[in-house]
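Here are a few exercises to work through with the model open beside you. Grab a viewer and try each one before reading its solution.

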Amino acid sequence: MNVSAALRAPLKGTEVARPMRTFDVASLRADGSRSVSTFKAPALPLFESAFSAFAHGVNLATPSGTIPVEDLLPGDWVNTSSGEPAQVVWIGSSNFVPADTGRRMPLVRVMADSFGQARPSSFLTVGQGARLLQTPPHLRGTTGGSGMLTPVSAFVDGVNVIEVTPPTQIRLFHICLTRHAAVDVGGMMMETFHPGMNATRNVSHAQRDMFLSMFPHVSHITDFGPLAHPRAPEVELVG
């Protein structure tokens with residue numbers, strides 16, 4: 001079986017071939033130069049979660065001011081929840097149609113001040129791969145006051161945090177820094193990409209290798225390093 005066929009192969013126990021999606025990657029080389037690559041990979045949660053956090057137009061805070069995510073470049077620095085900025089080493093992006101009946105992926109819109117004054121400072125639109133550094137209400141008594149990284153979709157209430165499913169194509173982004181972190185996105189602390197240590201457990205070897213090849217700064221899943229903050233328990237992503 002060739003690589004393309006292997007990537008299209010169904011997960012164990014399934015018989016449905018996966019459609020393919022185009023993913024774009026910009027990364028920082030060890031010598032400080034930048035590289036740009038395009039990949040075609042299965043439309044699986046493993047891949048899509050790495051490219052679907054921040055919608056076009058979302059602003060990230062940097063030491064020199066805010067910058068739209070689409071203007072961010074590998075090598076730029078962004079502010080983190082630790083108080084120390086960190087360097088962007090990887091930016092992934094892809095086009096999604098949220099209302100697509102074949103693979104519905106609604107966006108989440110967070111209205112201004114939903115989590116307190118200027119949190120966010122104006123409405124914020126994110127994708128299914130986005131996590132907030134915000135403990136969900138039902139877990140607040142178990143964390144000792146520390147924040148948890150929680151999927152934004154967990155806060156959908158139909159009033160302050162709503163699902164939106166535009167029928168037209170939208171560009172979504174995600175980023176990796178030199179370390180895992182929460183970064184200031186429109187006044188909210190949101191997670192940079194980390195797949196989780198068990199992310200590749202339920203995919204084929206070819207899919208795992210393709211996934212890791214999208215991240216030139218890692219060679220093994222453990223190279224993503226430790227999580228900067230604990231994650232709220234969630235239902236495991238499956239195909």
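A nonpolar core here is a set of buried Ala, Val, Leu, Ile, Met, Phe, Trp, Tyr and Cys residues joined through side-chain atoms within 4.5 Å. Keep in mind that this is a predicted model.

**Exercise 1.** Find the residues with the most contacts inside the largest nonpolar core, then work out which strand gives the most to this core.

Solution. Start with the core itself: it has 37 residues, and Phe54, Leu60 and Met190 have the most contacts inside it. Next, look at who chips in: strands supplying at least two residues each include strand 3 (54–55), strand 7 and strand 15 (188–191). Strand 13 gives the most, with five residues. Now zoom in on methionine 190: leaving aside residues up to four places away in sequence, its contacts include Phe54, Leu124, Val152 and Val185. Finally, another core of 23 residues lies apart from that one, with Leu28, Phe47, Ala50 and Phe211 among its members.

**Exercise 2.** Trace the strands that pair with strand 7, and explain why strand 7 is largely enclosed.

Solution. Take the partners one by one.

- Strand 1 (residues 20–28) runs antiparallel to strand 7, joined by four bridges; aspartate 24 sits opposite serine 93.
- Strand 6 (residues 77–78) also pairs with strand 7 in the antiparallel sense, over two bridges; here tryptophan 77 faces glutamine 87.
- Strand 13 (residues 170–177) is antiparallel to strand 7 too, with eight bridges; asparagine 95 is opposite arginine 171.

Last step, burial: 10 of the 11 residues of strand 7 (residues 86–96) are buried, so the rest of the structure largely encloses this strand.

How values were computed:
Residues numbered from 1 in each chain as written. Predicted model: local features only at pLDDT ≥ 70, side-chain atom pairs only at ≥ 80, totals over all residues. Heavy atoms only, no water. Buried < 20%, exposed > 50% of the residue type's maximum accessible area, 1.4 Å probe, protein only. Pairing = 2+ DSSP bridges. Contact = heavy atoms within 4.5 Å.
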